[in-house]
Amino acid sequence: MKILTVEREARCRRREDFPGCGLPEVAFAGRSNVGKSSLINSLLHRRSLAAVSSTPGKTRSIDFFLVNKSFRLVDLPGYGYARVPEPVQREWKGLIESYFEDRGRLTGVVWILDIRRELSDLDRLLQGWMVRYGVAFFPVLTKADKLTHSRQRVRQRELQREIGASVEAIVFSAKTGEGKAALWSRVQAAVSRPLRRRES
Ligand code: GTP
Ligand code: MG
């Protein structure tokens, strides 16, 4: 996809601040430090649009990026960082659930998992919400550059089995660009859909 313009439209910590739902959007979700912001930057060919950090729990807000003035990519705050206090975890749950409830034109969620790690309880919670709210999701197994190609294939099979979704998980690396074209075609298909539709 040709990226003509990208603007950070809003950075929200409350439902009241979300922008209107007129445009289709795809969200990016996953545990803290998994590489959500790096993946968004890599897709949009921008080095530092979404803040990348080696300190987990960096993105606490929901960040809306308007692309080509025609759709939004949305960076959701990460979950599951052990040192985050309980009230913050509760705030995260409330914010994400209100996001899923609110966004009538959320046509897909890119669900980002570290290819080396097992699914956590919060990953399962998120998966449950995506199913409950009828949002199609696309699993992406990131940081693939940390494994050999043969290990990547093994982990892809294992995680695919755990996820159990009908959509094939994409092996991805923000470092090498692996999987980027495949992910863009999913994102593009999702934002071309008129309304939310469940596929998984
Ligand atoms: P929070 O906003 O804190 O939840 O983190 P995030 O999920 O947005 O992760 P972020 O993109 O900030 O990346 C976290 C760390 O992982 C950074 O040090 C990145 O450089 C690194 N990283 C992200 N993607 C990749 C990747 O594909 N390969 C490698 N090797 N490192 C990556
Ligand atoms: Mg982030």
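Okay, cysteines. In this predicted model, the sulfur of Cys-12 has its closest cysteine sulfur in Cys-21, and that one sits 11 Å away, too far for a bond. Turn it around and Cys-21 tells the matching story: its closest cysteine sulfur is the one in Cys-12, at 11 Å, again too far for a bond. A disulfide needs the two sulfurs within 2.5 Å, so searching the whole structure turns up zero disulfides. As for where these two residues sit, Cys-12 is buried, with a relative accessible area of 1%, whereas Cys-21 is partly exposed at 30%.

Right, on to the cores. Nonpolar side chains in soluble globular proteins tend to be buried together. Here, the largest nonpolar core has 36 residues. Who touches the most other members? That would be Tyr-99, Phe-100, Val-109, Trp-111 and Leu-126. If you want to follow this core along the chain, the elements that each supply at least two residues are strand 1 (6-12), strand 2 (25-30), strand 3 (62-67), helix 2 (86-102), strand 5 (106-114), helix 3 (121-132), strand 6 (137-142) and helix 4 (149-163). Helix 2 gives the most, with five residues.

Let's zoom in on Val-109. Skipping its neighbours within four places in sequence, Val-109 is in contact with Ala-27, Ala-29, Phe-100, Met-130, Val-135, Ala-136, Phe-137 and Phe-138. Then there's a second core, separate from that one, with 27 residues, including Leu-44, Leu-49, Ile-170 and Leu-183.

Leu-183 takes us to a helix pair. Packed helices get described by the angle between their axes and the distance between those axes. For helix 1, residues 36-43, and helix 5, residues 180-191, the angle is about 85 degrees and the axes are 11 Å apart. So helix 1 runs roughly perpendicular to helix 5. On the helix 1 side of the contact you have Leu-39, Ser-42 and Leu-43, and they meet Lys-180, Leu-183 and Trp-184 in helix 5. Sorted by class, that contact has four nonpolar residues, one polar and one charged.

Staying with helix 1 for a moment: is it enclosed or open? Seven of its eight residues are buried, so helix 1 is largely enclosed by the rest of the structure. The buried ones are Lys-36, Ser-37, Leu-39, Ile-40, Asn-41, Ser-42 and Leu-43. And what do they pack against? Strand 2, strand 3, strand 4 (71-75), strand 5, strand 6 and helix 5.

Now a couple of backbone oddities. Most residues other than glycine have a negative phi. After helix 1 comes His-45, and its phi is positive, near 55 degrees, without it being a glycine. His-45 lies in the loop between helix 1 and strand 3. Where's the other one I wanted to show, Asn-68? Look in the loop between strand 3 and strand 4. Asn-68 isn't a glycine either, and its phi is positive at about 50 degrees.

Last stop, Gln-160, which is in helix 4. Buried or exposed? Gln-160 has 19% relative accessibility, and the cut-off for buried is under 20%, so Gln-160 counts as buried. Leaving out neighbours within four places in sequence, Gln-160 is in contact with Ala-165, Val-167, Glu-168 and Ala-169.

Key: Residues numbered from 1 in each chain as written. Chains lettered and ligands numbered in written order. Predicted model: local features only at pLDDT ≥ 70, side-chain atom pairs only at ≥ 80, totals over all residues. Heavy atoms only, no water. Buried < 20%, exposed > 50% of the residue type's maximum accessible area, 1.4 Å probe, protein only. Core = buried A, V, L, I, M, F, W, Y, C linked by side-chain atoms within 4.5 Å. Helix = DSSP H or I, 4+ residues; strand = E, 2+ residues; numbered from the N terminus. Contact = heavy atoms within 4.5 Å. Axes fitted to C-alpha atoms, helices over the stretch in contact; angles between N-to-C directions. Parallel < 35°, antiparallel > 145°, perpendicular 65-115°, else oblique. Nonpolar A, V, L, I, M, F, W, Y, C, P; charged D, E, K, R; others polar.
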